[in-house]
Amino acid sequence: MRDEISESLKIALKARDQRRTSTLRLINSAIQDKDIAIRQEARGPATNEEILVILQKMVKQREESFAIYAQAGRADLATVEKEEIDILNEFLPKGLSDAEVDAAIAAAIASTGAEGPKDMGKVIGQLKAAYPGRIDFGKASAKVKAALAG
């Protein structure tokens with residue numbers, strides 16, 4: 001993932017695409033910050049899963065800013081945020097559809113042997129391990145809760 005981002009940065013620099021270049025530099029900077037924080041724990045560079053979390057956080061921040069700018073009538077700033085979201089999403093795995101999420105939840109419930117709301121943590125844990133970055137766990141947790149309650 002790190003190599004893919006670096007290669008995209010080189011291409012953006014050659015194409016003189018300022019928006020893409022600045023966004024990719026922000027990504028690299030965030031990854032380097034994570035590497036520095038990890039170095040204090042005496043282990044290697046950030047893993048792809050950790051980079052994925054960084055990218056998801058960056059998308060979420062930009063979505064919040066986009067909403068604020070759109071509400072304030074600042075279309076120019078909202079457009080910038082939207083462009084950055086699109087660039088960040090290029091590096092994130094494709095999310096699962098609602099039907100795929102429902103099937104994944106049913107499979108996780110079956111494989112963990114979950115029987116009630118007290119087993120919700122096991123089911124969410126298995127989903128996070130099996131589908132990192134591909135499920136919105138804010139929405140999925142409500143579905144898991146409903147499935148375990150019923």
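This tour moves through a predicted model, from helix 2 and helix 3 to the nonpolar cores and then to the largest pocket.

**Helix 2**

Begin by selecting residues 18–39, which form helix 2. At 1.5 Å a residue its 22 residues should span 32 Å, and because the end C-alpha atoms lie 31 Å apart, the helix agrees with that expectation. Now show the side chains of Arg20, Thr21, Thr23, Leu24, Ile27, Asn28, Ile31, Asp35 and Ile38, which are the buried residues of helix 2; they pack against helix 1, helix 3 and helix 4. An α-helix has 3.6 residues a turn, so residues three or four places apart point the same way.

Is Gln18, also in helix 2, buried or exposed? Its relative accessibility is 68%, and because the threshold for exposed is over 50%, Gln18 counts as exposed. If you add Glu90 to the selection, you will find a residue 72 places from Gln18 in sequence, with 17 Å between the two C-alpha atoms.

**Helix 3**

Next select residues 48–71, helix 3. This helix has 24 residues and reaches 35 Å from its first C-alpha to its last, close to the 34 Å expected at 1.5 Å a residue. Its buried residues are Glu50, Ile51, Leu52, Ile54, Leu55, Met58, Val59 and Arg62, and around them you can display helix 1 (2–15), helix 2 (18–39) and helix 4 (75–89), against which they pack.

Further along helix 3 is Phe66, which counts as partly exposed because its relative accessibility is 30%. Which residues does Phe66 touch, once those up to four places away in sequence are set aside? They are Ala78, Glu81, Lys82 and Ile85. Thr79 can be selected as well: 13 residues separate it from Phe66 along the chain, and the two C-alpha atoms are 7.8 Å apart. Helix 3 is followed by Gly73, whose phi is positive, near 80°.

**The nonpolar cores**

Now colour the largest nonpolar core, a set of 19 residues in which Ile5, Leu24, Ile27, Leu55 and Phe91 have the most contacts. Helix 1, helix 2, helix 3 and helix 4 each supply at least two residues of this core, and helix 3 gives the most, with 6 residues. To look at one of its members in detail, centre the view on Ile27, which, leaving aside neighbours within four places in sequence, is in contact with Ile5, Leu55, Met58, Leu88 and Phe91. A second, separate core has 15 residues, among them Ala104, Leu127, Phe137 and Leu148.

**The largest pocket**

Rolling a probe the size of a water molecule over the atoms shows where empty space is left. In this model the largest pocket holds about 750 Å³ of space. Select Gln56, Gly133, Ile135, Asp136 and Phe137, which, of the 23 residues lining this pocket, are the closest to its centre. Phe137 has thus appeared already, as a member of the second core.

Which helices each supply at least two residues of the lining? Display helix 3 (48–71), helix 5 (98–112) and helix 7 (137–149) to see them; the largest share, 6 residues, comes from helix 3. Finally, colour the lining by residue type, which divides it into 9 nonpolar, 5 polar and 9 charged residues.

Methods:
Residues numbered from 1 in each chain as written. Predicted model: local features only at pLDDT ≥ 70, side-chain atom pairs only at ≥ 80, totals over all residues. Heavy atoms only, no water. 1 Å grid on protein atoms, 1.4 Å probe; cavity = no way out; pocket = protein on both sides within 12 Å on 5 of 7 lines; lining within 4 Å. Points joined across faces, edges and corners; volume = space filled by probe spheres on them. Helix = DSSP H or I, 4+ residues; strand = E, 2+ residues; numbered from the N terminus. Nonpolar A, V, L, I, M, F, W, Y, C, P; charged D, E, K, R; others polar. Expected span 1.5 Å × (residues − 1). Buried < 20%, exposed > 50% of the residue type's maximum accessible area, 1.4 Å probe, protein only. Contact = heavy atoms within 4.5 Å. Core = buried A, V, L, I, M, F, W, Y, C linked by side-chain atoms within 4.5 Å.
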